[in-house]
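Here are my notes on the structure, as numbered points. Please read them with the coordinates open.

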Amino acid sequence: MKILFSFLLWIVIFFPSFSNDGYKLWLDYQPITNSTIKNDMADLMSGVFIFGEDPTYSVIRNELNLASQKMILQAPSFNTSDKTKAEFWLGTRTQMSQFLSMTEQVEIKDLGEDGYWMGPIEVDGKTHYAIVGNRPVGVLYGVFNLIKSIQTETFDNNLLISDYPKVKLRMLNHWDNLDKTVERGYAGASIWDWHKLPGYVDPRYIEYARANASLGINAVSVTNVNAKAIVLTTDFMKKVKVLADLFRPYGIKVFLTARFSAPIEIGGLDSADPLDPKVKDFWQKKTDEIYSYIPDFGGFLVKANSEGQPGPHEYGRNHADGANMLADALAPHQGLLIWRAFVYSHEVDEDRHKQANIEFEPLDGKFKDNVILQVKNGAIDFQPRESFHPLFGALKKTQVGMEFQITQEYLGQATQLVFLAPMWEEVLKSQTFTPTANSTVASVIETPVNEKAITLMAGVSNIGTDRNWTGHLFGQANWYAFGKQAWNPDVTSSQIADEWIKLTFGQKSDIVGKISQIMLQSHEAAVDYMTPLGLHHIMGRSHHYGPAPWVTGGRADWTSLYYHRADSLGIGFDRTSSGTDALAQYASEIENEWSDPHQIPEKYLLWFHHVPWDFKLKDGNTLWNGLGYHYDRGVKSVREMQQTWKSLETEIDPERWDHVNQLLAIQETEAVWWRNACLLYFQTFSKLPFPSEIEQPSGDLEYYKSLEFPYAPGIKPNW
């Protein structure tokens, strides 16, 4: 495996992609033009000393080699004999302890296992620039930060920098199926070629690991949460082992999704009852077998008793019973059990918004220490805008982690430019008022409930086999943003956008300013032309592509009418005490304010209130006119994005410029489609004219309702 790993690294370094199609992501190291920065980097690379041998140090050596040759057109000189003559030192705190003061050692130790410290240190009259971590992977994170600062021309060799992740486990969830299809995937097929593994190892796996490590992502669940039990068989363990071995030097642990009924499907048992000794024995032996192949296996991610997936409820058991049984199997190996809180059942006659709290609040404090509840950012399902999930703050004794969706299932999929960082920032900064008056969603996620608990932020991957990895070039920015916000939930959207643009398109201020403008307005634009003022889940059935507020029939909470509840009197879902009382699941400060339709932030109005068509908004407009203005504003925002991008035609390479330009044209068409279809449909209830100031919706409502998309990506084919 060591020889294979070195060979793959050699391919990555010496045979990079030549076309500018986005394949290199934000790691496309371009020549440095700033003479000061270039000279500083040249000085560092003139003598590099690494304190020790380690697979991660081999990764660091190769990354510096790649960056140096591309950025200053010279290879680094690795000094292996005399550290005192080297300009640049890299190593762990223990390896370099004799050169660090006690104060520095304490400071570095406090940064934790993934933190790093970097800056000048003076030894015997000579100044060395050092990157120091508590583990080699911390040094790797520091190296990526160094390269980024050089790329963005912010490097200062006199500056002391220390950083550490505020969230312990920063994880990508792949919804990849074993047949290479990807549920809610819009960037081609799965990058995991299970059929060819373990014999053939795609060099792309190394590029994937580099990209994640550059963001501090340290865990990956490689299979769909709608899991197949076969992934837990011995044959698949041998395949997964190859990925785990490749990812280990990059600090990435592999997790697997565990189907709750695996004892029946691959174990030959007649039950999966979590309290059955034979079931416990199956999971203990299966877990032990996995660790025999992958000693640092991360653990299991489980979806149970939701959307038809099997779980403990079939046996009269609760979620804690199911999670704790698996956690016990993992505990001897220090493994984690991540249990998704996305649960709802059509047998339960309750507002879907409420079901997770109904099931999990009574179980608070009953989960084992190595269990994490993975909670979606909102209580419905990754909508263009949702209020934060009420489980954040409601659970005081159970560790909860965040689940964001990077793939744009409900946000235009891969045809629309929607930068998701502002949406995630809005959620993370939301005040929960519990467990303390100053608590936010971010602080709840960052804070372990006890000394043994592990904090988590997970993102549903948008990665596939498309050359640019994410389908839409700007989908890369969402992968990047997730990594940055998982490392530090307090970082701002504008900071992330500025950094990604410079790494992807260069330093010119005009380019950075214009692209930043596009990115930072894109999410609000999408909300405006899709689901303004708190509307939600009015997308096409199953494929979730395009507008379909008319969907009805079958399971109620899979229809649009269940959510918007439009009638002749008004529109919106009443979740106050006069309706489903879902607001009572939030802290009293939120419930009291949001129960008043005149006090609630208008972006959530129709999420929690059914209000008349002539309801007065805060700007004096009626609700009906306000809907019209929002939908029309969304279309106009996309047209502004188009024109801004067109103005960059001579500044961006033709291949990437044309790619984005074509997709923006599609986005404009789809925004108009959303506006027209929704306003024409809702007009059948309001019976009111459209505001004269907006571009009048056109087309035939029956035509829009007749549209079908049997070949839409992201779901199993219907043919």
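1. Asp567 is partly exposed, because its relative accessible area is 28%, and the cut-off for buried is under 20%. This is a predicted model. Asp567 sits in the loop that runs between α18 (561–564) and β14 (570–571). Its side chain turns back to the local backbone: a polar atom of the Asp567 side chain is 2.9 Å from the backbone nitrogen of Leu569.

2. What does Asp567 touch beyond its neighbours within four places in sequence? The contacts are His610, Trp613 and Phe685. Take His610 from that set. Asp567 and His610 are 43 residues apart in sequence, and their C-alpha atoms are 9.7 Å apart in space.

3. His472 also lies in a loop, here between β13 (456–460) and α15 (475–487). Is His472 buried or exposed? It is buried, because its relative accessible area is 1%, and under 20% counts as buried. The side chain of His472 reaches a backbone nitrogen, that of Phe474, at 3.1 Å.

4. The contacts of His472 deserve a look in the viewer. With neighbours within four places in sequence left aside, His472 is in contact with Ala414, Thr415, Gln416 and Leu417, and also with His659 and Leu663.

5. Please check the cis peptide bonds. Most peptide bonds are trans. Leu197 and Pro198 are joined by a cis bond, with omega about 0°. Pro198 belongs to the loop between β6 (169–173) and α6 (204–215). Another cis bond joins Thr434 and Pro435, with omega about 10°. Pro435 is in the loop between α13 (421–428) and α14 (441–446).

6. Backbone phi needs a similar check. Most residues other than glycine have a negative phi. Leu25 is not a glycine, yet its phi is positive, at about 55°. Leu25 is in the loop between α1 (2–14) and α2 (35–45). Leu25 counts as buried because its relative accessibility is 6%, below the 20% cut-off.

7. Lys180 is a further case. Its phi is positive, at about 80°, and Lys180 is not a glycine either. Where is Lys180? It lies in the loop between β6 and α6. That loop also holds Pro198 of the cis bond. Lys180 counts as partly exposed because its relative accessibility is 26%; partly exposed runs from 20% to 50%.

8. Turn next to helix α21 (residues 623–646), which holds Tyr631. Tyr631 is buried, because its relative accessible area is 0%. Its contact list, without neighbours within four places in sequence, takes in Asp528, Tyr529, Met530, Pro532, Leu535 and Ile538, along with Trp674, Arg675, Cys678, Leu679 and Phe682. Asp528, Tyr529 and Met530 from that list fall within α17 (509–530). For scale across the chain, Tyr631 and Leu337 are 43 Å apart, C-alpha to C-alpha, with their positions 294 residues apart in sequence.

9. Gln517 is also in helix α17 (residues 509–530). Gln517 counts as partly exposed because its relative accessibility is 42%, and exposed would need over 50%. Gln517 and Met641 are 124 residues apart in sequence and 8.2 Å apart in space, C-alpha to C-alpha. Met641 falls within the residue range of α21.

10. Now the overall fold. The protein chain has 23 helices and 15 strands. Its C-alpha trace spans about 80 × 70 × 55 Å along the principal axes. Why call the chain compact? A compact globule of 719 residues would have a radius of gyration near 27 Å, and the protein chain has 26 Å, so the two agree.

11. Burial and contacts can be read for the chain as a whole. Of the 719 residues, 62% count as buried. Among contacts between residues at least 6 apart in sequence, 73% join residues at least 24 apart.

12. Last, the surface and the charges. The protein chain exposes about 26,500 Å², and carbon and sulfur atoms supply 51% of that area. The chain carries 65 positive and 87 negative charges. The mean positions of these two sets are 4 Å apart.

Note on methods. Residues numbered from 1 in each chain as written. Heavy atoms only, no water. Helix = DSSP H or I, 4+ residues; strand = E, 2+ residues; numbered from the N terminus. Rg over C-alpha atoms; globule rule 2.2 N^0.38 Å. Buried < 20%, exposed > 50% of the residue type's maximum accessible area, 1.4 Å probe, protein only. Contact = heavy atoms within 4.5 Å. Areas by Shrake-Rupley, 256 points an atom, 1.4 Å probe, with all protein chains shown as cover. Lys, Arg positive; Asp, Glu negative; His and termini not counted. Charge placed at Lys NZ, Arg CZ, Asp CG, Glu CD. Polar contact = N/O pair within 3.5 Å; in protein donor to acceptor, adjacent residues only side chain to side chain.
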